[in-house]
Amino acid sequence: MYSQKCIQCNAEYTPQEIVYTCPKCDGLLEIVYDWSDLSISRKDFEGIPLSVWKYKALLPVEREPVSTNEGGTPLYKCSPLAQKIGIDTMYVKHEGLNPTGSFKDRGMTVGVSKALELGMKTVACASTGNTSASLAIYGAKAGIPVVVLLPAGKVAMGKVAQAMMHGAKVLSIRGNFDDALKLVRELCDNEGFYLLNSVNPYRLEGQKTIAFEIADQLGWEVPDKLVLPVGNAGNITAIYKGFREFYELGLTERIPTMIGIQAEGSCPVVNAFKQDQKDIVPVTNPETIATAIRIGDPVNAVKALRAIYQSGGLAESVSDDEIVAAQKDLARLEGIGVEPASASSVAGLKKLVDMGAIQSDETVVCITTGHLLKDPEEVMDMCESPIEVDATAESVRKAVFG
Ligand code: AN7
């Protein structure tokens, strides 16, 4: 049993109602469950491989899901990187190893399954890239049309390639992500398309399984600090909800502190946090090398700030240079290849350790949200180019030894 509940006025809507925000007060909606009849213990999860659908009992889908092996991502213990940053114990949960190379697949397997359950005929989203790539594959698997609106010229190449190849209708909007999101919301309202941005509360239910998996992978312990990039602010909300639910079900003993990281040129949530505000003032011209989180008016900001305040967490910004340095550290010290937005979590951790906001004996999990191959152009700009040489042993030797 579950319903869609407004986080502002507490109005409740049935699972079948197509509402993305509260029709009464425009507040954000959250899926709330009545689990009074549910008896669940750690034993119920033993011996079952990790995946989003391992936790089906805690997800709002009744039908056979539209699924393609999402979730079950590794939690790497990172010793050289931890040492460089100056902490004892650090893990990286690499969400870049999902089917399309980002955490969005967790949300889309639930969201597109729900779209079919609700009888929706077309699904749509605005995207900085990863959401569109993910919606494209789940739409393809579900056999329904997909429409995606992207900010023209600001989406990493790998992501556009995925949306195109999997058969989505790809529109390039002459505007930024925030413009595209406004337009797709209008399109969905007017045409009856199902909106699968993270304002849709069902999508976030899939993403909360990141928290479930971390607890599962750490033997039902939770870390002290959870650090992740924040763009449209859905994922931080979802992961906090997941940790809260495990705690409320008695599966874990506490909830980690949630730490959101944004890029300096695009940090409305950080600004709000630093001024002790419950909502953001949008940033009008967001700019960062981390195009995935180039978002000035995050739709889930109110939820994200609640997650941060309720967990005793914080929000911090990092520069593009810090992001690229962290991306190289992940790649070269740990063999973990991520796109720039993902590296902001590690850049943020480093900054917070340097500032004394995270202590060296605290256990930290950083989420890396998307794979390196999403944005090959950024790599070409930021790394030394291949050295072209003649096909002779001598010129190869010269190039290697200088
Ligand atoms: C790699 O694809 O918003 O704070 O349209 O692709 O939940 O929005 C992407 C977001 C972090 C931020 N890391 O997550 C989109 C989109 C990567 C991302 C985020 C995104 P949210």
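**Exercise 1.** Determine how the shell around the ligand divides by class.

*Solution.* The shell has 11 polar, nine nonpolar and two charged residues. Here Ala, Val, Leu, Ile, Met, Phe, Trp, Tyr, Cys and Pro count as nonpolar, Asp, Glu, Lys and Arg as charged, and the others, Gly among them, as polar. The model is predicted: local features need pLDDT of at least 70, side-chain atom pairs count only at pLDDT 80 or more, and totals for chains, interfaces and linings use all residues. Residues are numbered from 1 along each chain as its sequence is written, and side-chain values use heavy atoms, without hydrogens and water.

**Exercise 2.** Identify the closest residues and the polar contacts of the ligand.

*Solution.* First, 22 residues surround the ligand (a heavy atom within 4 Å), and the closest are Asn130, Thr131, Gly231, Asn232 and Thr369. Next come the polar contacts, pairs of N or O atoms within 3.5 Å. A polar side-chain atom of Asn130 is 2.7 Å from a ligand oxygen atom. For Gly231, a backbone N or O atom lies 2.7 Å from an oxygen atom of the ligand.

**Exercise 3.** Explain why the ligand lies between two domains.

*Solution.* Domain 2 (75-101 + 203-382) and domain 3 (103-200) both contribute residues to the shell, so the ligand lies between them. These bounds come from an automatic or database domain assignment.

How values were computed. A polar contact is a pair of N or O atoms within 3.5 Å; within protein, one must be able to donate a hydrogen and the other to accept it, and residues adjacent in sequence count only if both atoms are side-chain atoms.
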